[in-house]
Amino acid sequence: MKNVFALFLAMIIGGSQLIAQPALAAEKKTLIVYFSQTGTTEQVALEIQRQVGGDLFKIETVQSYPTDHKQLVDYARKELDAKTRPSLKAQIPNLESYDVVFVGYPIWWYTLPMPLFTFFESHSFEGKTVIPFCTHGGSRLSGTVEVIKKLAPKATVLGGLAISRDETDEIQTDVTSWLKKLKY
Amino acid sequence: MRFAMLRTGIYGVMSMMLLVLMGHHISGAFAHQWLAAGIFLLFAVHMGSHWAWLQNLPRGRYTAIRFVKMVITIVTAMLAVTLLVSGVLMSPIRYLFAFLPIAEQTDVARTLHHYLSYWFFIMIALHIGTHWKRLRKKLSIDTSRKLQPVVVLFATLIAINGAYAFVRREIYRYVFFINPYSFFDYEEHPLFFFLDYISILYLFAGVAALASSPQTRQQLLTD
């Protein structure tokens, strides 16, 4: 009888600890995933990591993209038309251990680059908070938050950050005010 | 009269199609391409039915207004063709033209299509504006004197909203080749998008209508 009571007590204490844990922001495990070809998105990813901590993961494709901008745009158009799902070099090994996942990408042809489709379709974001951020040439988020909501239906997707490729000197202040708005 | 009404009805439909074409994010790519094909067909009919105008171009005396109207019409037509070609060169059917040296220039096609679409929108507004009086006459629209202040008030409000939208939506940055990509606001209700674009169309058409009507210009000069 004594044992049963002790077990019951342990369950209450243990249970309340489990409930209490996620409420502490510091306990949230953060991952910053990004896809970057010219380095702008990487810059934003690094700045987010500097401000909130967490781990970094770079999405890389098996087949590399053209480095010349014009060629890259034409190539990306072909991929978009063909609905290609480019193979990725690696999967995130321990995605289940993260609570919050920042996902960064450039806007290509007013939407996500095709490798992001491969990425979302090959990982489960169930129960996680996904926070998109993008770099762009004037289109801003261009509806990609809605696209991500569809690709990760069981995740909580928060409002995204859009950084213009022409205003990279403002990355730090933009990230700061965005995180404040997200109450992160 | 009945024919004029049918014709004007088609102009109305074309204007609405144009407004939807400006909202690529609202229609989506698929509807955009089919609407574009449809409006181009109507453009072809429009040009065909105005063949006499083309034949009469070398004839008669050229006043400043006639000259400006002609330039607007020709530039608008040229823009329409450029938008069709650049649109096709980005669309999935561009593979049909793979034999052309320009077939894989999707980046160039997109940039042209982006900038010129806003120019086209404004040129269409000017084209409508410079023909507004003729349209009114054909439809025998006559605003009664009593209603005139109300019409003027509404017209002014729409035009002011048009000017505001032109700046707020940063369309001037597209027109002056500053922003190479459009910002499409997916969070905004389409109604606000269309109201603003109607206002912009109205603003440019109104300015053109005022500028091309001899009476109004005389009034402005003598007042």
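Strand 4 (residues 129–136) of chain A is mostly covered, with seven of its eight residues buried. Buried here means under 20% relative accessible area, exposed means over 50%, and partly exposed lies in between (1.4 Å probe, protein chains only). The model is predicted: local features need pLDDT of at least 70, side-chain atom pairs count only at pLDDT 80 or more, and totals for chains, interfaces and linings use all residues. Residues are numbered from 1 along each chain as its sequence is written, chains are lettered from A and ligands numbered from 1 in the order in which they are written, and side-chain values use heavy atoms, with hydrogens and water left out.

**Strands and overall fold of chain A**

The parallel partner of strand 4 of chain A is strand 3 (residues 100–106) of chain A, and seven bridges join the two. Two strands are taken as paired if DSSP finds at least two bridges between them. Within this pairing, Thr129(A) of strand 4 has Val100(A) opposite. In a regular strand the side chains alternate between the two faces of the sheet.

Chain A contains six helices and six strands. Helices (H or I, at least four residues) and strands (E, at least two) are DSSP runs, numbered from the N terminus. Their order along the sequence of chain A is α-β-α-β-α-β-α-β-α-β-β-α. Of the 184 residues in chain A, 42% are buried.

**Loop residues of chain A**

Two residues other than glycine have a positive phi: for Lys83(A) the angle is about 50 degrees, and for Arg140(A) it is near 55 degrees. Lys83(A) belongs to the loop between helix 3 (69–81) and strand 3 of chain A, where its relative accessible area of 61% makes it exposed. Arg140(A) belongs to the loop between strand 4 and helix 5 (144–151) of chain A and is partly exposed at 34%.

A further loop, between helix 1 (2–20) and strand 1 (30–34) of chain A, holds Lys29(A). Lys29(A) is partly exposed, with 35% relative accessibility. From Lys29(A) to Ala45(A) the separation is 16 residues in sequence and 16 Å in space, C-alpha to C-alpha.

**Salt bridges**

Over all chains, the structure has 12 salt bridges. The criterion is a side-chain nitrogen of Lys or Arg within 4 Å of a carboxyl oxygen of Asp or Glu. Three of these pairs are set out below.

| Pair | Closest N to O distance |
|---|---|
| Arg50(A) and Glu47(A) | 3.0 Å |
| Glu104(B) and Arg94(B) | 3.7 Å |
| Arg169(B) and Glu188(B) | 2.6 Å |

Arg50(A) and Glu47(A) share helix 2 (residues 40–52) of chain A, where they are three residues apart, about one turn of the helix. Arg50(A) is exposed at 54% relative accessible area, whereas Glu47(A) is buried at 10%.

In chain B, Arg169(B) and Glu188(B) form a salt bridge at 2.6 Å, N to O. Arg169(B) sits in the loop between helix 7 (148–168) and helix 8 (171–175) of chain B and Glu188(B) in the loop between helix 8 and helix 9 (190–212) of chain B, so the pair ties together parts that are 19 residues apart in sequence. Both partners are buried, Arg169(B) with a relative accessible area of 15% and Glu188(B) with one of 17%. Elsewhere, salt bridges with shared partners join Arg77(A), Asp81(A), Arg94(B) and Glu104(B) into one network. Within that network, Arg94(B) is buried at 0% relative accessible area, while Glu104(B) is partly exposed at 28%.

**Charged surface patches**

Patches are made of residues with over 30% relative accessible area and no salt bridge, like charges being joined within 9 Å and nonpolar side chains (Val, Leu, Ile, Met, Phe, Trp, Tyr) within 5 Å. Lys and Arg count as positive and Asp and Glu as negative, while His and the chain ends are not counted.

A negative patch on the surface brings together Asp166(A), Glu167(A), Asp169(A) and Glu170(A). Asp166(A) lies in the loop between strand 6 (161–164) and helix 6 (171–182) of chain A and is exposed, at 57% relative accessible area.

The positive patch made up of Lys133(B), Arg134(B), Lys137(B) and Lys138(B) is on the surface as well. Lys133(B) is part of helix 6 (residues 132–139) of chain B, and its relative accessible area of 47% makes it partly exposed.

Terms used
Accessible areas come from the Shrake-Rupley method with a 1.4 Å probe; for residues, only the protein chains shown count as cover. The place of a charge is taken as NZ of Lys, CZ of Arg, CG of Asp or CD of Glu.
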